[in-house]
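User: I should like to learn how to read the features of a protein model, beginning with its overall layout.

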Amino acid sequence: MAKTLPFLYFLFTIALFSLATAKSSRLSRILSPATLGLKKEKLSHLHFYFHDIVSGRNPSAVKIVEPQSNTSDTMFGLVAMIDDPLTVSPNLSSKLVGRAQGMYASASQSEDGLLMVLNFAFMDGKFNGSALSVLGRNLALAPVREMPIVGGSGVFRFARGYAQARTHTYNPKTGDAVVEYNIYVFHY
């Protein structure tokens, strides 16, 4: 018993030291949203048109990786970088409200399924300087596609929601497309 007593004191001292150190070097803590100036959560609906221009002298979408094989009807492996205009109407000359910046990739060998990784960066009105982030699957030939909104910045901090995309026009000769977006997003 006399030999185990010093060992127990040693373990007790280590435990106390560990608890004291853990409290002073916390990795995280629970906060109230009010401490960050966040007020009541809102649900916003945004509506705009996305112009994916792959043709002409100044395209807004460019291929950065070509597929290894030309045998796939889906262009599996294609990766494109985009900086597409977002406008209030399907007409490209209508008011510019932002840009879709990021990339999409053909991620399916059997259907026209795209992996979308992009930010909708807004440049007008109360959302000026704010962005919404999309990361999800886009079945390009489906009448309506749904993709998750996984976050945002500016007015859209802590955003979550979804985007619905509908192809408004597609030109098979040029590959250019206009896509209507309806976004439903919770944010503070």
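Analyst: The following turns take the layout, a buried residue and a surface patch in order. The model is predicted, with local features requiring pLDDT of at least 70, side-chain atom pairs counting only at pLDDT 80 or more, and totals for chains, interfaces and linings using all residues. Residues are numbered from 1 along each chain as its sequence is written, and side-chain values use heavy atoms, with hydrogens and water left out.

User: How many helices and strands are in the chain?

Analyst: Helices (H or I, at least four residues) and strands (E, at least two) are DSSP runs, numbered from the N terminus. Here the chain has 1 helix and 9 strands, in the order α-β-β-β-β-β-β-β-β-β along the sequence.

User: Is Asn182 buried or exposed?

Analyst: Buried means under 20% relative accessible area, exposed over 50%, and partly exposed in between (1.4 Å probe, protein chains only). Asn182, in strand E9 (residues 177-187), is buried because its relative accessible area is 9%. Of the 188 residues of the chain, 34% are buried.

User: Which residues does Asn182 touch?

Analyst: A contact means heavy atoms within 4.5 Å. Leaving aside residues up to four places away in sequence, Asn182 touches His45, Leu46, His47, Tyr162, Ala163, Gln164 and Arg166.

User: Where is Met81, and how accessible is Met81?

Analyst: Met81 lies in strand E3 (residues 79-87) and is partly exposed, because its relative accessibility is 34%.
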